[in-house]
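Me: I have a structure to go through and would like to see how its labels are justified. Please set each value against its cut-off.

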Amino acid sequence: MNAFELHNPTKLVFGAGKVSQLGGLVKPYGKRILLVYGGGSIKSSGLYDDVLEQLSKIGATVHELSGIEPNPRLSTVNKGIEICRKEKVEFVLAVGGGSVLDAAKAIAAGALYDGDMWDFTVHKAIIQEALPIGTVLTLAATGSEMNGNAVISNWETKQKRGLGSKLIYPQFSILDPKLTYTVPVNQTINGIVDIMSHVFEQYFSLTTDIPLQERFAESILLTVIENGEKAIADGSDYDARANLLLAGTYALNGTLPNGVTTDWATHGIEHEVSAIYDIAHGAGLSIIFPNWMKFVYKERVSKFVQYAVRVWNVDPAGKSDDEIALAGIEATRAYFTRIGSPATLGELGINDEQLDRMAEEATQFGPIGTFKQLNKDDVLSILTASL
Ligand code: NZQ
Ligand code: ZN
């Protein structure tokens with residue numbers, strides 16, 4: 001097991017009706033609030049009114065930034081930074097899915113930086129300070145509610161890049177499973193695939209003798225596989241939504257990578273696809289991940305055998321290790337297809353035109369991944385297999 005440090009400062013407030021605690025949670029941070037949200041789902045669900053009521057109870061002055069795009073744009077983040085500076089905002093409140101949360105984090109860091117926020121994503125600057133943020137999450141997917149990462153898209157340059165700092169962990173996140181009842185089926189599916197992919201990135205590792213981390217990862221996968229299908233069948237199934245929501249948080253809140261060398265190549269590749277084609281992150285992962293698995297599994301077949309047997313109940317009797325491993329990968333693909341997630345880039349109208357550019361961008365800082373280090377040609381092979 002590798003050495004590690006763990007410190008996650010986010011206070012999780014989980015359960016039905018917990019938005020009633022929002023005012024009290026915001027109060028210690030000040031009264032000048034920037035409320036960040038997306039394209040309107042929080043207005044149709046009634047959550048917007050509940051949030052404003054909470055903020056009015058503490059006498060807050062609320063400035064709003066709406067219209068955060070899925071795959072949030074740098075240009076929109078910059079609007080939020082402007083508001084924070086002009087209105088001397090003290091606290092950024094994100095209400096929505098991962099895109100809204102990520103935009104809020106970028107705004108919080110950019111507001112106190114004397115320069116272009118994009119610098120944080122291209123290693124030109126590191127975050128030295130940030131406004132405090134809080135979140136009310138409405139979609140189980142990214143884990144952004146309890147981590148210090150954000151992913152922002154620069155639409156002019158067609159680049160999608162991440163920033164990260166301990167300074168942009170949310171101070172608190174409210175997770176009410178009922179707020180996810182209105183998530184449409186396609187976004188529920190994208191979320192399921194994203195959560196599973198976060199586990200894959202940390203599970204398929206060359207680190208050995210980590211049974212606890214492996215069991216954590218496998219239990220999240222089993223929970224998502226079972227409850228994901230239930231949530232798709234009945235969007236108002238409280239237990240299914242609750243289990244999905246918690247699984248999403250634990251998949252990327254720093255629990256799984258403790259002592260483990262993690263990979264993240266597939267996320268790097270997917271971000272290049274969604275940077276150019278603006279597809280949903282989960283849809284891109286659904287296409288690429290099984291192809292990544294096939295490309296790399298021989299690096300440590302035993303891990304893929306364990307995955308096939310423990311997660312997909314593949315019967316090992318009479319099969320070679322390679323056959324068991326491949327059966328687990330096929331089971332992954334079959335599950336994604338069964339829940340309605342895409343298997344090829346062609347299904348999303350993407351052809352081979354930009355594959356070379358995507359492979360180039362994904363490896364611009366050198367080879368990616370650790371399970372198998374991937375150079376540009378490797379990434380191109382995976383993308384080509386994904387067509
Ligand atoms: O904009 P609104 O109207 O709110 O609608 C959203 C959006 O259209 C809708 N939605 C969210 N909650 C809803 C709802 N609709 C009805 N009822 C609700 N309760 O869902 C759509 C997608 O929302 P979005 O926030 O884009 O989805 P998600 O949470 O999957 O976030 C995706 C973004 O997060 C990044 C992705 O790259 C992508 O940009 N990621 C962030 C990570 C992180 N910060 O740690 C890690 C991930 O790997 C990922 O890269
Ligand atoms: Zn992801």
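Me: Which residue of E4 does Tyr37 stand opposite?

Reply: This is a predicted model. In it, Tyr37 stands opposite Val95 in E4.

Me: How do you know that E2 and strand E4 (residues 91-96) pair?

Reply: Two strands pair if there are at least two bridges between them. Five bridges join E2 to E4, and the two run parallel. Five meets the requirement of at least two, so E2 and E4 pair. Five bridges also join E2 to strand E3 (residues 61-65), again running parallel. On that side, Leu34 stands opposite His63.

Me: What makes strand E2 (residues 32-37) mostly covered?

Reply: Five of the six residues of E2 are buried.

Me: Why is His198 called buried?

Reply: Buried means under 20% relative accessible area. His198, in helix H6, has 3%, so His198 counts as buried.

Me: What makes the pair His198 and His267 a polar contact?

Reply: The cut-off for a pair of N or O atoms is 3.5 Å, and one atom must be able to donate a hydrogen and the other to accept it. The side chains of His198 and His267 make such a contact at 3.1 Å, which is within 3.5 Å. Leaving aside neighbours within four places in sequence, His198 is in contact with several residues, including Trp264, His267 and His281.

Me: How do you know that the length of H9 agrees with its 13 residues?

Reply: The expected span is 1.5 Å times one less than the number of residues. For the 13 residues of H9 that gives 18 Å, and the end C-alpha atoms are 19 Å apart, so the two agree.

Me: What makes H9 mostly covered?

Reply: Eleven of its 13 residues are buried. Among them are His267, Glu270, His271 and Glu272. The buried residues of H9 pack against strands E6 and E7 and helices H6, H10, H13 and H14.

Me: Why is Asp278 called partly exposed, and Asp209 exposed?

Reply: Exposed means over 50%, and partly exposed lies between 20% and 50%. Asp278 has a relative accessible area of 31%, so Asp278 is partly exposed. Asp209 has 67%, which is over 50%, so Asp209 is exposed.

Me: Where are Asp209 and Asp278?

Reply: Asp209 is in the loop between H6 and helix H7 (211-233). Asp278 comes just after H9, in the loop that leads to helix H10 (281-296). Asp209 has a positive phi of about 55° although it is not a glycine, and Asp278 also has a positive phi of about 55°.

Note on methods: Residues numbered from 1 in each chain as written. Chains lettered and ligands numbered in written order. Predicted model: local features only at pLDDT ≥ 70, side-chain atom pairs only at ≥ 80, totals over all residues. Heavy atoms only, no water. Helix = DSSP H or I, 4+ residues; strand = E, 2+ residues; numbered from the N terminus. Buried < 20%, exposed > 50% of the residue type's maximum accessible area, 1.4 Å probe, protein only. Contact = heavy atoms within 4.5 Å.
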